[in-house]
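Reader: Could you take me through one part of this model in detail? I'd like to hear about the sheet, and about the pocket beside one of its strands.

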Amino acid sequence: FGLLGPNGAGKSTTVRVLIGQLHPSSGRIVVCGHDVVCEWKRVKPLFGYVPDRDNHFDEFTGRRNLQFFAGLYNVSDDRIDECFRVVELEEAADVPVRGYSMGMRKKLLLARALLHQPRVLYLDEPTANLDVHSSAIVHRILRQHVRQGGTVLLTTHNMQEVEAICDRVAIMNRGKLVALDSPLALRQRHTERRL
């Protein structure tokens, strides 16, 4: 599911409400049948989150960063190795994160979100600042997550990305939902036709 819109549309705010970082001003937020506000402890293990800015421990290696978060979910070292392999960071696992490029940092965030094999992934601008190869890796991982029965919600400015990987898309503007449909239907409805 793609959440599309210009800067300031409310995409990141919506994700922050979904992950329990902000309380909704009205209504309820339900994830996998659980109220985010009232049943936070049940909701938290159900999702993984990739923020729009990285928040790694720069002095730690990539592996130590993942080990820290793996400890919160009782995740094995084998799963940590698997996540490094999936995001293609095996060779950088034992390098301090301060030496990582922007793309490597973004992929480490995705590895962290995948650690505990959540049912739902929330990604805020997951391919921003990534090269074509790294973007393709992210897209492959997200498609695989959905094939395995998971759900993905991502925010983006990039309609081409939405068309490439999303089944449904919502367009927001100034905190309001202005469109909701499949990417193809939205494009057909809003594309100028010429003869």
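Author: Here is a walk from the pocket into the sheet and out to two loops.

A word on the ground rules: this is a predicted model, so local features need pLDDT of at least 70 and side-chain atom pairs count only at pLDDT 80 or more, while totals for chains, interfaces and linings use all residues. Residues are numbered from 1 along each chain as its sequence is written, and side-chain values use heavy atoms, with hydrogens and water left out.

Let's begin with the pocket. On a 1 Å grid over the protein atoms alone, a pocket is an open set of points with protein on both sides within 12 Å along at least five of seven lines, and lining residues have an atom within 4 Å of a point. The largest pocket comes out at about 320 Å³, where volume is the space filled by probe spheres set on the points, joined across faces, edges and corners. Its lining counts 15 residues, and Lys44, Phe47, Tyr49, Phe69 and Arg112 lie nearest the centre. By class that makes 9 nonpolar, 4 polar and 2 charged residues (Ala, Val, Leu, Ile, Met, Phe, Trp, Tyr, Cys and Pro count as nonpolar, Asp, Glu, Lys and Arg as charged, and the others, Gly among them, as polar). At least two lining residues come from each of β4 (47-50), α3 (62-73) and α5 (102-114); helices (H or I, at least four residues) and strands (E, at least two) are DSSP runs, numbered from the N terminus.

Now stay with β4. Phe47 and Tyr49 on one side are buried, and so are Gly48 and Val50 on the other (buried is under 20% relative accessible area, exposed over 50%, partly exposed in between, with a 1.4 Å probe and protein chains only). β4 runs parallel to β5 (residues 120-124), joined by 4 bridges; strands pair if DSSP finds at least two bridges between them. Phe47 has Val120 as its bridge partner, and Tyr49 has Tyr122.

Zooming out, 6 strands make an open sheet of mixed pairing, in the order β4-β5-β6-β1-β7-β8. β4 and β8 (176-181) are the edges with a single partner strand each, so one side of each lacks a neighbour in the sheet. From one strand to the next, the twist averages 15°.

Further in, 5 of the 5 residues of β5 are buried: Val120, Tyr122 and Asp124 on one side, Leu121 and Leu123 on the other. β5 is also parallel to β6 (residues 151-156), through 5 bridges. Across that pairing, Leu121 stands opposite Val152, and Leu123 has Leu154 as its bridge partner.

Helices cover this part too. α1 (residues 11-18) packs on the sheet, touching β1 (2-4), β4, β5, β6 and β7 (169-173), and its direction makes about 150° with that of β6. α6 (residues 132-147) lies across β5 and β6, at about 145° to β6. Contact here means heavy atoms within 4.5 Å; axes are lines fitted to C-alpha atoms, for helices over the stretch in contact, and angles run from 0 to 180 degrees between N-to-C directions.

Finally, the loops. Most residues other than glycine have a negative phi. Gln117, in the loop between α5 and β5, has a positive phi near 50° and is exposed at 58% relative accessibility. Asn129, in the loop between β5 and α6, also has a positive phi, near 70°, and is exposed, with a relative accessible area of 59%.

Technical notes: 1 Å grid on protein atoms, 1.4 Å probe; cavity = no way out; pocket = protein on both sides within 12 Å on 5 of 7 lines; lining within 4 Å.
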